[in-house]
Every structure is written in C-alpha cells, then in structure tokens.
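This report describes one protein chain, going from a single strand pairing out to the whole fold. The sequence and the model come first.

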Amino acid sequence: TDGPLTGKTFVITGTLAAMSRDDARDRIVALGGKVSGSVSKKTSFVVVGADPGSKAQKAADLGVQVLDENAFLALVG
C-alpha cells in the first residue's frame, strides 16, 4: 500500500494508552509503512509507550528517531 509512511519501518515498544499494539501496527501498514520486531540501523522510528523494553535504549544507541505516543498519534492521524 502506498501512503505517507511508504518506505518507513517502525518498531513499537512498551504499552500504548490510546490503542493496542495490533491497532498501531494496522494503522502503520494501512499508511504504507512496515512494522518490525527488532531495532536496526534501517529502522525509521521507534514508538515508545509506557514501560518500554530494551528496544528504546537500542534505538538511542543507533541514533534511530524515537516517537512518544503523542508524536506517533500526530503522525498517523
């Protein structure tokens, strides 16, 4: 699917308040993005909810852009 997130890869970590992680995944895919289970240099964004795991630290170590839930919601509408 082509959309505003085409070519972007997301990793979701932690608990999101506004939606389930499955709903967040579906929203990303509907907008053309991809969702991965692990952070790498190819990751575009890491979405960080409450109680994030080690993925948030790995994103920081790799210089991957981190989005909090509000920034993520603004991005996906």
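## Strand E1 and its surroundings

Thr9 has Lys34 as its bridge partner in E2. Helices (H or I, at least four residues) and strands (E, at least two) are DSSP runs, numbered from the N terminus, and two strands pair if DSSP finds at least two bridges between them. H1 packs on the sheet and touches E1 and E2, its direction making about 170° with that of E1. Such angles run from 0 to 180 degrees between N-to-C directions, with axes fitted as lines to C-alpha atoms, for helices over the stretch in contact. Contact, here and below, means heavy atoms within 4.5 Å.

The model is predicted, so local features need pLDDT of at least 70 and side-chain atom pairs count only at pLDDT 80 or more, while totals for chains, interfaces and linings use all residues. Residues are numbered from 1 along each chain as its sequence is written, and side-chain values use heavy atoms, with hydrogens and water left out.

### The sheet

The four strands form an open sheet in the order E2-E1-E3-E4, and the pairing is parallel. E2 and strand E4 (65-68) are the edge strands, each pairing on one side only. From one strand to the next, the twist averages 35°.

E1 is joined to strand E2 (residues 34-36) by three bridges, and the two run parallel. From E1 the chain crosses through H1 to E2, and this β-α-β crossover is right-handed; that term applies if, with the strands pointing away from the viewer, the path from the first strand over the helix to the second runs clockwise. E1 and E3 also run parallel, joined by four bridges. Val11 takes part in both pairings: Ser36 stands opposite Val11 in E2, and Val46 is the bridge partner of Val11 in E3. Helix H3 lies across E1, E3 and E4, running at about 95° to E4.

### Burial along E1

Buried means under 20% relative accessible area, exposed over 50%, and partly exposed in between, using a 1.4 Å probe and protein chains only. Five of the five residues of E1 are buried. In a regular strand the side chains alternate between the two faces of the sheet. Both faces of E1 are covered, with Thr9, Val11 and Thr13 buried on one side and Phe10 and Ile12 buried on the other.

The table sets out three residues in or before this strand.

| Residue | Place | Relative accessibility | Class |
|---|---|---|---|
| Gly7 | segment before E1 | 63% | exposed |
| Thr9 | strand E1 | 16% | buried |
| Thr13 | strand E1 (residues 9-13) | 4% | buried |

Contacts of these residues are given without neighbours up to four places away in sequence. Gly7 is in contact with Gly32 and Ser44. The C-alpha atoms of Gly7 and Gly33 are separated by 6.1 Å, although the two residues are 26 apart along the chain. Thr9 is in contact with Lys34, Ser36, Lys42, Thr43, Ser44 and Phe45. For Thr13, the residues touched include Arg21, Val46, Val48, Pro52 and Lys55.

### Nonpolar cores

A nonpolar core is a set of buried Ala, Val, Leu, Ile, Met, Phe, Trp, Tyr and Cys residues joined through side-chain atoms within 4.5 Å. The largest one has twelve residues, namely Leu5, Phe10, Ile12, Leu16, Met19, Ala24, Ile28, Phe45, Val47, Leu67, Phe72 and Val76. Two or more of its residues come from each of E1, helix H1 (21-30), strand E3 (45-48) and helix H3 (69-76). Apart from this core lies another, of seven residues, among them Val11, Val46, Ala56 and Val64.

Which residues does Phe72 touch, not counting residues up to four places away in sequence? They are Phe10, Met19, Ala24, Ile28, Val47 and Leu67.

### The whole chain

The protein chain has three helices and four strands, which follow the pattern β-α-β-β-α-β-α along the sequence. Its radius of gyration is 11 Å, close to the 11 Å that the globule rule gives for 77 residues, so the chain is as compact as a globular protein of that length. The radius is taken over C-alpha atoms, and the rule is 2.2 Å times the number of residues to the power 0.38. Along the principal axes, the C-alpha atoms fill a box of roughly 30 × 25 × 20 Å.

Of the 77 residues, 36% are buried. Among contacts between residues at least 6 apart in sequence, 64% join residues at least 24 apart.
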